[in-house]
Amino acid sequence: MNAALSPARTAATAARVLRQLRHDPRSIALMLLVPVLMLTLLRFVFDGNAQTFDGIGASLLGIFPLITMFLVTSIATLRERTSGTLERLLAMPLGKGDLIAGYALAFGAVAVVQSLLATGLALWVLGLDVVGSPWLLLLVALLDALLGTALGLFVSAFAASEFQAVQFMPAVIFPQLLLCGLFAPRDTMQPVLSGISDVLPMSYAVDGMTQVLTHPDMTAVFVRDAVIVAACAVLVLGLGAATLRRRTP
């Protein structure tokens, strides 16, 4: 097994994953359509209060892609291991880094499409009102989707079945969802919880969306938030490569 990261092997892995996804319409629907449908539902839930939709919709524009990419990526990677495909691939000149990077590249491409659909729908169909640039909103949505991909790749190494992969969602996603500032400002939380929220990447994803919602120009806080989310995604991908197992016992 070659330990060096190879662009050619990474690209070949990404192409293989995309070919598999093309024959899996349920996963495609989950990744591309569910965030769109959830945003549409949210818009009509707050049909009589557009300001509430503006405040919550921007944050959920980043959270929905993160959650869907987490679910699909963790299950897809686990299938590779339980079917024996991963073991056969790693017996070839394919390193763990190549595999993780290939998956990240493939699902990252899907994340771009997902973010474009969700952001376009929210802004130009559902009437989400943001002060800042739509491109900054798209950037944060994309970074959130990539973070969800990285988290899904990481937790798949610790699951023995698809059911267990789904069970990781309450442990990994729900605490971040509760502490990210969506339901209450983080600085008003109990001090211990506020401190925990400061080290959770979803907090900065929501904060980045809030910056776009309330500021016409790119702020230093927005840059900080985007860098932190991107750095967390890269860090988790590295951990995923280090903990990846060939197969499930």
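Helices here are DSSP runs of H or I with at least four residues, numbered from the N terminus. By that rule D207 falls in helix α11, residues 201–214. The model is predicted.

**Overall fold**

The secondary structure comes to 12 helices and 0 strands. Along the sequence the pattern reads α-α-α-α-α-α-α-α-α-α-α-α. The chain has 249 residues, for which a compact globule would have a radius of gyration near 18 Å; the value for this protein is 18 Å, so the two agree. Along the principal axes, the C-alpha atoms fill a box of roughly 55 × 40 × 35 Å.

Of the 249 residues, 51% count as buried. Among contacts with a separation of 6 or more, 78% join residues 24 or more positions apart. The protein exposes about 11500 Å², and carbon and sulfur atoms supply 70% of that area.

**Nonpolar cores**

The largest nonpolar core has 47 residues. Those with the most contacts inside this core are I63, F70, L128, L137, L151, I173 and M202. Helices α3, α4, α6, α7, α8, α11 and α12 each supply at least two of its residues. Helix α4 gives the most, with 10 residues. Another core lies apart from this one; it has 19 residues, among them L21, F107, A111 and A241.

M202 shows what one of these core residues touches. Not counting residues up to four places away in sequence, M202 touches I63, L66, I173, Q176, L177 and C180.

**Two residues compared**

The table sets a residue of α11 beside one of α3.

| Residue | Helix | Relative accessible area | State |
|---|---|---|---|
| D207 | α11 (residues 201–214) | 19% | buried |
| V45 | α3 (residues 34–45) | 56% | exposed |

D207 has a relative accessible area of 19%, so this residue counts as buried, since the cut-off is under 20%. Leaving aside neighbours within four places in sequence, D207 is in contact with V221, R224 and D225. Its C-alpha atom is separated by 8.0 Å from that of S59, a residue 148 positions away along the chain.

V45 is a residue of α3. Its relative accessible area is 56%, so V45 is exposed; the cut-off for that state is over 50%. V45 also belongs to a nonpolar surface patch of about 470 Å², made together with L33, L37, M38 and L41. Helix α3 also supplies at least two residues of the largest core.

Note on methods: Residues are numbered from 1 along each chain as its sequence is written. This is a predicted model: local features need pLDDT of at least 70, side-chain atom pairs count only at pLDDT 80 or more; totals for chains, interfaces and linings use all residues. Side-chain values use heavy atoms; hydrogens and water are left out. Patches are made of residues with over 30% relative accessible area and no salt bridge: like charges are joined within 9 Å, nonpolar side chains (Val, Leu, Ile, Met, Phe, Trp, Tyr) within 5 Å. Accessible areas come from the Shrake-Rupley method with a 1.4 Å probe; for residues, only the protein chains shown count as cover. A salt bridge is a side-chain nitrogen of Lys or Arg within 4 Å of a carboxyl oxygen of Asp or Glu. Buried means under 20% relative accessible area, exposed over 50%, partly exposed in between (1.4 Å probe, protein chains only). Contact means heavy atoms within 4.5 Å. The radius of gyration is taken over C-alpha atoms; the globule rule is 2.2 Å times the number of residues to the power 0.38. A nonpolar core is a set of buried Ala, Val, Leu, Ile, Met, Phe, Trp, Tyr and Cys residues joined through side-chain atoms within 4.5 Å.
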